[in-house]
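Hello,

Here is the structure I promised to pass along. Have a look at it first, and then read on for what turned up.

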Amino acid sequence: VQLQASGGGLVQTGGSLRLSCAASGRTFSDLLMGWFRQAPGKEREFVAGISWSGSVTAYADSLKGRFTISRDNAKNTVFLQMNNLAPEDTAVYYCAAKGSGSNLRSGYEYWGQGTLVTVSS
């Protein structure tokens, strides 16, 4: 599975960004998809996950309400809408995928290259 994330960039505090991740190499609707992030000097952390059909989602507790994960199985793409961004959201954001299991928060097998999000104060 190949994952290509895009949509990162520089945004001011309070702004919004939408990240996209295009998947190839496997039937997209067979994959659970997730987003993770890694801030400078910190460990990678779970952001959001979504089930095969998109009917089930999970979020890091601290991000719930500001971030929304969605997917378009016809376009083999998963999205992360990020609103009301703050400097502490600055990180490299990675999309991830897995083909088995049901835990949306961990156990991902495939990883994209990451896209940098920088939030200025």
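Two rings of Phe, Tyr or Trp (for Trp, the six-membered ring) are called an aromatic pair if their centres lie within 6.5 Å. Please keep in mind that this is a predicted model. With that definition, a search of the whole structure gives 4 aromatic pairs. In one of them, Y108 and W111 meet edge-to-face, with 6.4 Å centre to centre and 65° between the planes. The angle earns that label because planes over 60 degrees apart count as edge-to-face. Y108 is buried, at 9% relative accessibility, while W111 is partly exposed, with a relative accessible area of 31%. Ring pairs also join Y108 and W111 with F36 and F46 in a cluster.

Y108 has a charged partner too: the charged end of K98 sits over its ring, 5.3 Å from the centre. A similar arrangement involves R71, whose charged end sits over the ring of F28, 4.4 Å from the ring centre.

Now for the chain as a whole. The protein chain has 11 strands and 0 helices. Its radius of gyration is 13 Å, which agrees with the value near 14 Å for a compact globule of 121 residues. Along the principal axes, the C-alpha trace spans about 40 × 25 × 25 Å. Of the 121 residues, 45% count as buried. Among contacts with a separation of 6 or more, 57% come from residues 24 or more positions apart. The chain exposes about 5,900 Å², and carbon and sulfur atoms supply 46% of that area.

Best wishes

Terms used
Residues are numbered from 1 along each chain as its sequence is written. This is a predicted model: local features need pLDDT of at least 70, side-chain atom pairs count only at pLDDT 80 or more; totals for chains, interfaces and linings use all residues. Side-chain values use heavy atoms; hydrogens and water are left out. Rings of Phe, Tyr and Trp (its six-membered ring) pair if their centres lie within 6.5 Å; planes under 30 degrees apart count as stacked, over 60 as edge-to-face and the rest as tilted. Buried means under 20% relative accessible area, exposed over 50%, partly exposed in between (1.4 Å probe, protein chains only). A charge sits over a ring if NZ of Lys or CZ of Arg is within 6 Å of the ring centre and within 35 degrees of the ring normal. Helices (H or I, at least four residues) and strands (E, at least two) are DSSP runs, numbered from the N terminus. The radius of gyration is taken over C-alpha atoms; the globule rule is 2.2 Å times the number of residues to the power 0.38. Contact means heavy atoms within 4.5 Å. Accessible areas come from the Shrake-Rupley method with a 1.4 Å probe; for residues, only the protein chains shown count as cover.
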